[in-house]
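Let's walk through this structure together, from one residue out to the chains and the place where they meet. Keep the viewer open as you read.

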Amino acid sequence: MTGERGPSSAPGGDRLGGAHALDDSQRRALRRVLARWRESHVRSGAAERTGVETTPSRSRAVGAGTDIRLVDVEVLRAGRPGLIDVVAEMDGRLAHAVLGLRRPGDELRVVGAVEEPALGPLEDADGIAIAVDALHDADSARLLLGAVAGTRLPSPAARAALDASGLRGDSATVTVVHEADDAMTLAFDRRYTLSVFSWLHRGPHPGVTLLAGLDDAGFNHLPAPVAFWRRAGRDLGIVQELLAGATNGWALALTSLRDLFASGSSPDTAGGDFAPEAFALGTMAARMHIALDRAFGRRAGDVAVWVDALEASTPSVCSTSGDLVIDPLAHRLDMPLGDLLGSLRASGLHPPVIRTHGDFHLGRTARTDHGWVLADCMPGGTAPSAPGVPQAEPLAPLLRSPLADVADFTWSLRRAAAVAAAERVPASVPSRVDDLASAWEARNRRAFVAAYLATPGIGGLVPADRRVVRRLLSLFELARAAVGGGSFRPVGRGP
Amino acid sequence: MTAVPPVDRSYDPSERWFQHAVFYEVLVRGFFDANNDGTGDLPGLRAKLDYLQWLGIDCLWLLPFCPSPMRDGGYDVSDFFNVHPDYGTLGDLVGFLEDAHRRGIRVVSDLVMNHTSDEHPWFVESRSSRTNPKADWYVWNDDDQRWPEARVVFTDVERSNWTWDDTRKQYYWHRFFSHQPDLNYDNPEVAEAMLEVVRFWLDLGFDGFRLDAVPYLYQRDGTTGEHLPETHAYIRRIRKQLDAEYPGRVLLAEANGWPADVADYFGTGDECHLCFHFPLMPRLFMAVRREHRYPITEILSQTPEIPDGCQWAIFLRNHDELTLEQVSDEERDYLFAEYAKDPRMKRHMGIGRRLAPLLDGDRRLAELLYALLLSLPGSPVVYYGDELLMGDNIYLGDRDSVRTPMQWSPDRNGGFSNADFAQLYLPPLMDPVYGYGAVNVEAQMRNPGSFLHWLRGMLVQRRALPVLGVGRLDALDCPNPSVLAYVRWGEVSDVTVDASEGPGLPAVMPTVADLPGAPDHLERTVPATSGRPGARTRFQAVLCVHNLSRFAQPAQLDLAAWAGRRPVEVLGRVPFPEIGPEPYSLALGPHGFLWFELAEHFEVLEEEGP
């Protein structure tokens, strides 16, 4: 099978280039299969967010796949069972489908919650095959892991580990770790995960580049990358070590809050005190920023510009002068907001800006037996997109003060406290729970920030004056609050 | 006297019995007073063997019973070859051992190797001059500056490991109290003398020793004086003697350290059979307060594999304080804040409280902790009285807070003794919550819903699941941090025990099946040594799921590796839905737990229609 564009530099696959190599009937069949693949995404709720039209004429085109343009087709494994990897343009975006080719009548071992992994017939030199969604067929998924593992490994040691694991064999147990519109993550024998992106960026995936940069810089609070799957400058997927026994940071924070509410005592005396965890998270955050600085470098920022940006984005809040009360942040300010913004603008400070995480919060972290890890590198330092809608164009990472990530995180502590309080007592009912929630947030905020600032090496990235740091954190928290609450719930694993 | 129904039971005849055994730690002084002098004794312990047999324990661990001035609970021995007169005679001891063995109960004893009392004749002679025959049986020095790297263990009462002796005009070395001088194992005569002590008690019928304070036997310049190679060499020497002359007897190391360090006391399978896993215990208490599993899973991940034929010994509480040596400063502060709110509850570097008061009397929490104790890797050790959820007395000095008399009945002195109250070695608990009027054996035996009955039932179940003793542990992924789940699995050996069998244990070994409520499949089935005639091997897997939270919790478990098997709940033999490739969902009540046998073939009996 061939593609409609020239070959890329990807090694390993049995790649046949040239659009002319696919005959018309093959193209039509492949488009029909991709149309079914798209339908499965429509059924999973992606339709509304991806803007698929539903008029009758449009529906016919959609069903036949005539609106789909094949961009890149690679044979990862010839024969039966076979495996092909397809990149196609549909609905203005790049879709990425991995198709298993099975003999008609083959028994499928379905992975995950899918009604029917079979997508339709395809014919190649080996005859008629049934194309299946490879990520929902255990046998195809195992083949895929073997193919991906052969693409690029970060180190000989990682390759040796993968080889030793025997995961390229047929025996690995395949389970779904996470399934979302933009990516699906499978686990193999509770040792490795394979994340495959369903929709591609027209350049490197920012989450992957962030992860690779952190790994190269020696940041070890990560599920270690084992293999990167790239072709034609696009990131298609990644193999990582599985975080055995991990719990999402959001879930652990809620566990602590529920214990606090039940005990009714102060957070420092409650059994489920989260402060040691917040402290460890603060240290991890600082190490992440130090590694990002090492990996991607830094530039000088301008505090006055940040203040201007805040005022521009939230004029209704910031235009009010004097002793404006901004609930719930006002209690943290050591001066009226107007004075704070004024003092920052007048400070003339140019602290460093670096490529940050971009959306660092509890839900991006995970607790393991060996401590905390950054479980999710998205959005990779770019501006976060709306949930479930990946960016069509490659985005340049934003350079921000690392304190912006810190503020994002402390804001998520606040959100966790608020959510847990709301779960326990309806918001309309005044109760002591709100006081406890505030005390919990304050205690863990202090622990997180204290650990962050005490981490060796962070001094070069934040102003030395702790009062300025405090005011900058207020500024960034205000900006975060203006953007909106956000869920901060777990967003799944993968880069 | 509490009437105990006679119950026969089987026993494990193999040399690896300790891998499956449930130990019961008992203070002779505090268990039962047969001669009404106010102090528990060996005839009293013998009189209560029916109760211990009924409870279902496999091995008794006796705290020191040798003659002693009793300045440290008997750990200050003044004669290694006799019984403290308060406890009886050597004849009483032999009679007790025979009776215990007749019931299938083994007995191990504390062996205080590191030091003696300063009243021991060896020390009296040694301190008398610098030239007497035992002058070098202890560690003497002209100044108190040697071995500064060695820490002081009891920092709250001792300022140095050296104490001046005015008779000999030299300092003597002691790692614990100043009235407990350390023996000098570099002197071959001392090393041989202690081997003679070992032989003496084994010849009387003991099934092994708990080696007290074993890391400290030797001293070397530039070291902390702990875990030295010479110490390991000496343990191997003892072990070699056991293997050659006393097969089936065991050594249990008391070495308080990190698992990776303590595991050295297993050697290559040629040192101790068992080692206490000290760091696990405080983390169990930490996990239930934090309501998440990480304190436990972290220490499990740091626990190395141990040689074949060895075993960890694990416990919730013991005769000492709840030691917090093997936790960080922050964790110690946390545990003090959570479990020792009154400063009088603190002892040395730990907490001097029993299980029930530590848990604020929360029975569900106690059941959860016992479920963990009985299912985590290791042989569980139950401290006397904790099967009743007895309380403590924090106003008593040192560690006597947890060494009060066993509470047998609501009668005078808790049924422990008919002596005058003032004669008792320690006052029994009389408070309305934990006092003997409220908490005692008699009342709990009468009440099938009591904690005592519950624990006894759990011990029956554990006996039916030998894989909990020797199986591998696979921790399971669960998104809920409050849930700790694992599968214990592996090959287990069974044997049909004949009533006349039993190396070292006299006959009369009937079947477990006679225990009320014992599962049918338990009949005459006990773990056995490999290669034993009649032994059969089978695969066993047990899924254990625990909720560390006070709230009900969902658990979604990745059990894909066990797909096709059917979980059968252990306590009720209730079959649950078959495991499939998808995450397996369970719900657990507050501090609840579920154990399942993962059956390969389970026939669901359908009710016949008309």
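A good place to begin is K48(B), which is buried at a relative accessible area of 3%; buried means under 20% relative accessible area, exposed over 50% and partly exposed in between, with a 1.4 Å probe and protein chains only. K48(B) sits in the loop between helix 2 (42-47) and helix 3 (49-55) of chain B. Helices (H or I, at least four residues) and strands (E, at least two) are DSSP runs, numbered from the N terminus. If you look for F32(B), 16 residues away in sequence, you will find its C-alpha 7.6 Å from that of K48(B).

Before going further, a word on conventions. This is a predicted model, in which local features need pLDDT of at least 70 and side-chain atom pairs count only at pLDDT 80 or more, while totals for chains, interfaces and linings use all residues. Residues are numbered from 1 along each chain as its sequence is written, chains are lettered from A and ligands numbered from 1 in the order in which they are written, and side-chain values use heavy atoms, with hydrogens and water left out.

Now turn to chain A as a whole. Chain A holds 13 helices and 17 strands, and buried residues account for 56% of its 495 residues. Of its contacts (heavy atoms within 4.5 Å) between residues at least 6 apart in sequence, 70% join residues at least 24 apart. The accessible surface of chain A is about 19,300 Å², with 52% belonging to carbon and sulfur atoms; these areas come from the Shrake-Rupley method with a 1.4 Å probe, and for residues only the protein chains shown count as cover.

What covers the buried residues of helix 5 of chain A? Helix 5 spans residues 206-216, and eight of its eleven residues are buried, among them V208(A), L210(A), L211(A) and L214(A). The cover includes strand 8 (192-197), strand 10 (225-231), strand 11 (234-241), helix 7, strand 14 (352-355) and strand 16 (371-374) of chain A. After helix 5 comes G218(A), with a positive phi near 90°.

Two buried strand residues are also worth a look. F188(A), in strand 7 (residues 183-188) of chain A, has a relative accessible area of 0% and is therefore buried. D72(A) belongs to strand 1 (residues 69-77) of chain A and is buried too, at 3%. The side chain of D72(A) makes a polar contact of 2.9 Å with that of R231(A). A polar contact is a pair of N or O atoms within 3.5 Å; within protein, one must be able to donate a hydrogen and the other to accept it, and residues adjacent in sequence count only if both atoms are side-chain atoms.

Next come the charged pairs. Side chains of opposite charge can pair when their charged atoms come close. A salt bridge here is a side-chain nitrogen of Lys or Arg within 4 Å of a carboxyl oxygen of Asp or Glu, and the whole structure has 66 of them over all chains. One joins D139(A) and R102(A), at 3.6 Å from N to O. The pair ties helix 3 (residues 138-149), home of D139(A), to strand 3 (residues 93-102), home of R102(A), across 37 residues of chain A. D139(A) counts as buried at 16% relative accessibility, and R102(A) does so at 7%. Both belong to a network of salt bridges that also links D106(A), R109(A), D137(A) and R142(A).

A further salt bridge, at 3.3 Å from N to O, connects R258(A) and E423(A). These two are 165 residues apart, with R258(A) in helix 6 and E423(A) in helix 11 (residues 402-424) of chain A. R258(A) is partly exposed at 29%, and E423(A) is partly exposed at 45%.

Our last stop is the interface, and R367(A) leads us there. Within chain A, R367(A) forms a salt bridge with E277(A), their closest N and O atoms being 2.9 Å apart. Both residues are buried. R367(A) also forms a salt bridge with E298(B), at 2.6 Å between the closest N and O atoms. Between chain A and chain B there are two salt bridges, along with eleven residue pairs in polar contact, both residues at pLDDT 80 or more. Helix 6 (249-263) of chain A, helix 7 (275-296) and strand 15 (365-368) each give two or more residues to the side of chain A that touches chain B, and helix 6 gives the largest share, seven residues.
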